[in-house]
Amino acid sequence: MASSESLSSRIARATELVHGARSLTAFSGAGISTESGMSDFRSPGGVWDRYRMVTFQEFLGSHDARVEYWKMKSELFQELRDARPNRAHLALAELERLGKLTCLITQNIDGFHQEAGNRKVIELHGTNRKATCLSCGKEWRIEEIQVRLESGDLDPRCEKCGGFIKPATVSFGQAMPQGDLLKAFECAARADVFLMVGSSLQVEPAAGVPREAYRAGAKLIFINRTGTPLDHLATVVFRENAGEVLPHVVKQLAQRAAP
Ligand SMILES: [Zn+2]
């Protein structure tokens with residue numbers, strides 16, 4: 001449902017909602033990071049288009065699958081190394097700095113929210129910035145593993161216990177961290193305004209988070225390039241880039257807060 005209402009009018013209404021919010025929860029998906037030059041796994045020509053999905057079970061079961069998986073990850077890390085948080089990430093960080101943001105739930109694994117300055121982040125799909133040993137839980141910064149991959153260690157093992165090393169992300173076939181999922185639903189239920197940025201809301205259970213916020217009485221603001229199955233529940237819908245919307249909301253909010 002495309003809106004005929006002008007962008008400035010929708011920005012004013014979104015600002016009004018955020019200004020009046022007692023508990024603002026934000027929720028982000030891949031769309032917020034495409035503006036940073038990261039591949040959306042659904043976009044053609046992206047990293048995900050050139051590699052087969054390796055499931056968690058395949059990763060555990062075969063050397064070849066691990067090599068294939070790490071080759072894909074290695075390419076993603078190079079992309080990550082060159083990319084930076086964009087205006088939309090920075091605006092969300094500013095909302096937290098202004099004391100407006102209660103929590104930020106993300107489906108992204110790129111760590112840009114933390115790099116932009118957000119501290120209250122729930123990462124539903126884990127993070128690409130760290131790797132862990134699947135056997136003993138030892139952690140590494142991803143840069144350390146990238147060095148090993150580039151020097152020819154294509155199926156890196158834990159030097160402490162010999163276990164498989166894997167990025168600290170949730171793979172296909174791997175369970176989401178239940179504690180984080182529970183926290184996300186609690187944040188959604190407490191919110192009176194829920195700001196969704198850059199998700200097409202196609203993937204469950206994550207898509208259930210805005211539905212839960214709505215059920216609990218929150219007003220929804222959606223910013224996404226394409227329509228979502230929940231657009232009809234939203235009070236304000238933007239199809240513009242988040243980087244063209246959020247900085248204006250934050251700026252108008254700061255003006256209203258000024259004495
Ligand atoms: Zn280990």
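Begin by selecting S135, whose place is in the loop between β4 and β5. Bear in mind throughout that this is a predicted model. S135 is exposed, with a relative accessible area of 56%. If you now display the surroundings of S135 and leave aside its neighbours within four places in sequence, the residues in contact with it are C161, G163 and F164. Add C158 to the selection as well: S135 and C158 are 23 residues apart in sequence, while their C-alpha atoms lie 8.6 Å apart in space.

**The zinc site**

Next, select the zinc ion together with its protein donors, which are the SG atoms of C133, C136, C158 and C161, lying 2.3 to 2.4 Å from the ion. If you read these donor residues along the chain, their spacing follows the pattern C-x2-C-x21-C-x2-C. C136 lies in the loop between β4 (126-133) and β5 (139-141), and C161 in the loop between α8 (142-150) and β6 (165-169), so this pair ties together parts that are 25 residues apart in sequence.

Which geometry do the four donor atoms give the site of the zinc ion? The angles among them run from 99 to 116°, and the site is tetrahedral; four donors count as tetrahedral if all angles lie between 85 and 135 degrees. For comparison, the ideal angle for four tetrahedral donors at a metal is 109.5 degrees.

With a surface shown, turn to two of these cysteines: C136 is partly exposed, with a relative accessible area of 33%, and C161 is likewise partly exposed, at 41%.

**The sheet**

Leave the zinc ion and colour the strands β3, β2, β1, β7, β8 and β9, which in that order form an open sheet of six strands with parallel pairing. At the edges you will find β3 (121-123) and β9 (236-238), each of which pairs on one side only. Looking across the sheet, you can follow a twist that averages 15° from one strand to the next.

For a view of one pairing, select β1 (residues 24-28) and β2 (residues 101-106), which run parallel and are joined by five bridges. Within this pair, label F27 and then I105, its bridge partner in β2.

**A helix across the strands**

As a last stop, select helix α9 (residues 178-190), which lies across β1, β2, β3 and β7 (193-197). If you draw the axes of α9 and β3, you will find the helix running at about 135° to that strand, and β3 is the edge strand you met above.

Key: Residues numbered from 1 in each chain as written. Predicted model: local features only at pLDDT ≥ 70, side-chain atom pairs only at ≥ 80, totals over all residues. Heavy atoms only, no water. Donors = N, O, S within 2.8 Å, 3.2 Å for Na, K, Ca; no water. Tetrahedral: all angles 85-135°; square planar, octahedral: opposite > 155°, others 65-115°. Helix = DSSP H or I, 4+ residues; strand = E, 2+ residues; numbered from the N terminus. Buried < 20%, exposed > 50% of the residue type's maximum accessible area, 1.4 Å probe, protein only. Pairing = 2+ DSSP bridges. Axes fitted to C-alpha atoms, helices over the stretch in contact; angles between N-to-C directions. Contact = heavy atoms within 4.5 Å.
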